[in-house]
Amino acid sequence: MTVQLNVSAPFTARVVLLDLDGTLIDTAPDLAGAANHALRKLRRQPAGMPVIRGFIGNGVRELMRRALSIQQEPSEAELDAAMVDFSRYYGEHLLDHSQIYPGVSDTLKALQAQGRELVCITNKAKAFTEPLLKRLELYDFFGLVLSGDSLPKKKPDPLQLLHAAAHFHQPVGDCLLVGDSCNDTQAARAASMPVACVTYGYHGDEPVHTLNPDAVLDNMSELLDILA
């Protein structure tokens with residue numbers, strides 16, 4: 001069931017911006033595999049999946065920093081070394097276990113058929129974002145892909161959102177961000193853009209409703225129900 005918050009009418013959303021990790025694709029298993037590979041290389045104890053899930057959303061360097069900090073705050077040299085191991089391993093194991101969430105592919109097809117512009121907006125580096133989207137046959141749905149290193153700032157800063165709206169010559173009020181975490185809601189509020197959140201993503205221990213999005217979706221297909 002779709003739960004709508006603070007809205008009185010469907011969203012026009014000529015541009016739909018979609019987060020990647022935890023919204024389109026469940027990437028946590030392979031991110032955890034890469035993080036734990038790097039931890040073992042540095043003779044650190046591996047971290048459990050629930051712990052790693054809680055670290056996702058601010059880019060892989062911050063994920064790795066937080067994973068190392070479980071036992072001891074890393075030096076920048078240690079973090080640099082860990083990132084070399086993480087990046088090499090993750091690049092080779094992007095799709096060992098990661099999967100598209102139910103309803104995503106059909107929803108993207110429907111949105112495209114409606115003539116809406118689609119943007120993938122993520123804090124994940126381009127080196128991982130584009131191969132992941134291409135290998136899962138999602139890349140061609142998007143008229144614009146903004147990775148964590150595409151612009152000088154990333155979520156929760158509003159720059160990516162404002163850039164996407166300007167790219168398609170649309171006011172932010174005619175856009176909609178779909179995400180799963182406080183990074184998404186904070187960026188949307190800063191940009192004055194409506195935001196919907198999925199319940200199945202990476203938002204830590206807090207229920208997604210506590211982020212106060214404009215709409216809450218249990219399945220990506222429900223997005224179609226809240227669009228004009």
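Colleague: Hi! At what angle do α1 and α3 pack?

Modeller: They pack at about 50°, and their axes are 10 Å apart. (Helices are DSSP runs of H or I with at least four residues, strands are E runs of at least two, and both are numbered from the N terminus; axes are lines fitted to C-alpha atoms, for helices over the stretch in contact, with angles from 0 to 180 degrees between N-to-C directions.) α1 and α3 are therefore oblique to each other. (Under 35 degrees is roughly parallel, over 145 roughly antiparallel, 65 to 115 roughly perpendicular, and the rest oblique.)

Modeller: One caution: this is a predicted model, where local features need pLDDT of at least 70 and side-chain atom pairs count only at pLDDT 80 or more, while totals for chains, interfaces and linings use all residues. Residues are numbered from 1 along each chain as its sequence is written, and side-chain values use heavy atoms, without hydrogens and water.

Colleague: Thanks. Is the crossing of α1 and α3 left-handed or right-handed?

Modeller: The crossing of α1 and α3 is right-handed, with the near helix turned clockwise from the far one by less than a right angle (anticlockwise would be left-handed).

Colleague: And how do α1 and α4 cross?

Modeller: Helix α1 (residues 28-41) and helix α4 (residues 76-92) have axes that come within 8 Å and cross at roughly 140°. That pair is therefore oblique too, and α1 passes α4 in a right-handed crossing.

Colleague: New topic: how many cavities of 30 Å³ or more are there?

Modeller: The count is one. On a 1 Å grid over the protein atoms alone, a cavity is a set of points where a 1.4 Å probe fits but cannot get out; a pocket is an open set with protein on both sides within 12 Å along at least five of seven lines; lining residues have an atom within 4 Å of a point. The largest cavity holds about 180 Å³.

Colleague: Which residues lie nearest the centre of the largest cavity?

Modeller: Those are D21, I56, G57, N58 and N123, out of 18 lining residues. Helices α3 (60-69) and α8 (182-191) each supply at least two residues of that lining.

Colleague: What about the largest pocket: how much space lies in it?

Modeller: About 200 Å³. It is lined by 15 residues, and I56, S181, C182, Y202 and H203 are the closest to its centre.

Colleague: Any unusual backbone spots? Which residues does a cis peptide bond join?

Modeller: K155 and P156, with omega about 15°. P156 sits in the loop between β6 (144-146) and α7 (159-167). There is also E137, a residue other than glycine with a positive phi near 60°, in the loop between α6 (126-135) and β6.

Colleague: Why point those out?

Modeller: Because most residues other than glycine have a negative phi, and most peptide bonds are trans.

Terms used
Grid points are joined across faces, edges and corners, and a volume is the space filled by probe spheres set on the points.
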